[in-house]
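Trainee: I have a chain to go through with you. Can we take it piece by piece, question and answer?

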Amino acid sequence: MTANATAKTPVTLLGLGAMGTALARTWLAAGHPLTVWNRTAARTEPLVAEGAKAAATVADAVAASDLLILCLLDDTSVDEALKDADLTGKDLVNLTTTTPAQARERAAWATARGARYLDGGIMAVPPMIGIPEAGGYVFYSGAPELFEAHRQTLAVPAGARFVGADPGHAALHDVALLSAMYGMFAGASHAFALIRKENIDPACFAPFLTEWLTAMAAPHITQTADQLKSGDYTTNVVSNLGMQTAAIPTFLTTAEEQGVTPGLLVPYFNLMHRRLAEGFPSEDLTGVVDLLLR
């Protein structure tokens, strides 16, 4: 082992799916002594060939390092893997996808077992890991002192962004951003469906769609955030709710003419109509946010 590797924080990683394997390779490449464990032991073999140490049991893996990284299938998998592990004095960083409530429960569980806890939400796919220019990063929340202690190590695979001491906030940020992504994908799917039966090349249409969504997204998101913070949904409105709602029949009729179901758009349009009916024609679309709260 080189002197450089010795100076780097040892890491234990539990879980070697596509994401776990990508994470492992970045820590190895950066010179961190790495111990790996996976339920299917054969998945450790390529990493062992690259310099990792495979642990035969979870207990061995936990004992190998003070910093434990989890990248397992789900919250139940975490329970199963660590049910008999001695976590006293360990720093536990959970990158397993969970809900905010599960993250908070896991933090309390870890604290009760003598460990410090950070929860993480990975905003990247495996090919983005270890490639800074790809723009991937990980949200972290939980013990601030733990994040600061391991900031450099955690930032090796992807950017590290701390979003607060509440352990549930990393998972919440993760799901909120992914929810917005799927909403955008839904709109793009509807747009492609509208042109699908026409003599329009989707590859030629795609740049128009990309440019339009890019131009609209940032101003809309920023203005929505500003209005939610101020409580005034009429500030700097360009196209008010009354005007936008009046255009809905055109969208629905066009979909009918093109033989496309409007099912991806109707729920949002219904909320716009509801807000208008409540008497807010001069607002932006921000009031829809409040209608989503139960």
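Trainee: Start with one residue. In which helix is the place of Phe 251?
Mentor: Keep in mind that this is a predicted model. Look at residues 248-257, which form one helix. Phe 251 has its place there, in α11.

Trainee: Is Phe 251 buried, partly exposed or exposed?
Mentor: Its relative accessible area is 44%. Buried needs under 20% and exposed needs over 50%, with partly exposed in between. So Phe 251 is partly exposed.

Trainee: How far apart in space are Phe 251 and Ile 221?
Mentor: In sequence, 30 residues separate Phe 251 from Ile 221. From C-alpha to C-alpha, the distance in space is 22 Å.

Trainee: Now the whole chain. What share of the residues counts as buried?
Mentor: The chain has 13 helices and eight strands. The C-alpha atoms fill a box of roughly 65 × 45 × 35 Å along the principal axes. Of the 294 residues, the buried share is 40%.

Trainee: Which strands stand at the edges of the sheet?
Mentor: The sheet is open, has eight strands and shows mixed pairing. Its order is β3-β2-β1-β4-β5-β6-β7-β8. An edge strand has a single partner, so one side of it is left without a neighbour in the sheet. That description fits β3 (53-54) and β8 (159-162).

Trainee: Take β1. Which residue of β2 is the bridge partner of Val 11?
Mentor: β1 (residues 11-14) and β2 (residues 34-37) run parallel and are joined by four bridges. Helix α2 (residues 18-29) completes a right-handed β-α-β unit with these two strands. In β2, Val 11 has as its bridge partner Leu 34.

Trainee: And in β4, which residue is the bridge partner of Thr 12?
Mentor: Four bridges also join β1 to β4 (residues 67-70), and the two run parallel. Both faces of β1 are covered, with Val 11 and Leu 13 buried on one side and Thr 12 and Leu 14 buried on the other. The partner of Thr 12 in β4 is Leu 68.

Trainee: Which residue of β8 does Phe 139 stand opposite?
Mentor: Go to β7 (residues 137-142) and β8, which pair in the parallel sense over four bridges. Opposite Phe 139, in β8, stands Arg 161.

Trainee: What angle does the direction of α8 make with that of β6?
Mentor: α8 packs on the sheet and touches β6 and β7. Its direction and that of β6 make an angle of about 10 degrees.

Trainee: Is α8 roughly parallel, roughly antiparallel, roughly perpendicular or oblique to α9?
Mentor: The axes of α8 (residues 169-195) and α9 are 11 Å apart, at an angle of about 140 degrees. Roughly antiparallel needs over 145, and roughly perpendicular covers 65 to 115. That makes α8, relative to α9, oblique.

Trainee: What is the hand of the crossing where α8 passes α9?
Mentor: Find the contact first. Residues of α8, including Met 184, Phe 192 and Ile 195, meet residues of α9, among them Pro 202, Phe 205 and Leu 213. Where α8 passes α9, the crossing is right-handed.

Trainee: Last one. What is the phi of Asn 236 near?
Mentor: Asn 236 lies in the loop between α9 (202-230) and α10 (241-246). At 60% relative accessibility, Asn 236 counts as exposed. Most residues other than glycine have a negative phi. Asn 236 has a positive value, near 55 degrees.

Definitions and conventions. Residues numbered from 1 in each chain as written. Predicted model: local features only at pLDDT ≥ 70, side-chain atom pairs only at ≥ 80, totals over all residues. Heavy atoms only, no water. Buried < 20%, exposed > 50% of the residue type's maximum accessible area, 1.4 Å probe, protein only. Pairing = 2+ DSSP bridges. Right-handed = clockwise from strand over helix to strand, strands pointing away. Axes fitted to C-alpha atoms, helices over the stretch in contact; angles between N-to-C directions. Parallel < 35°, antiparallel > 145°, perpendicular 65-115°, else oblique. Left-handed = near helix turned anticlockwise from the far one by under 90°. Contact = heavy atoms within 4.5 Å.
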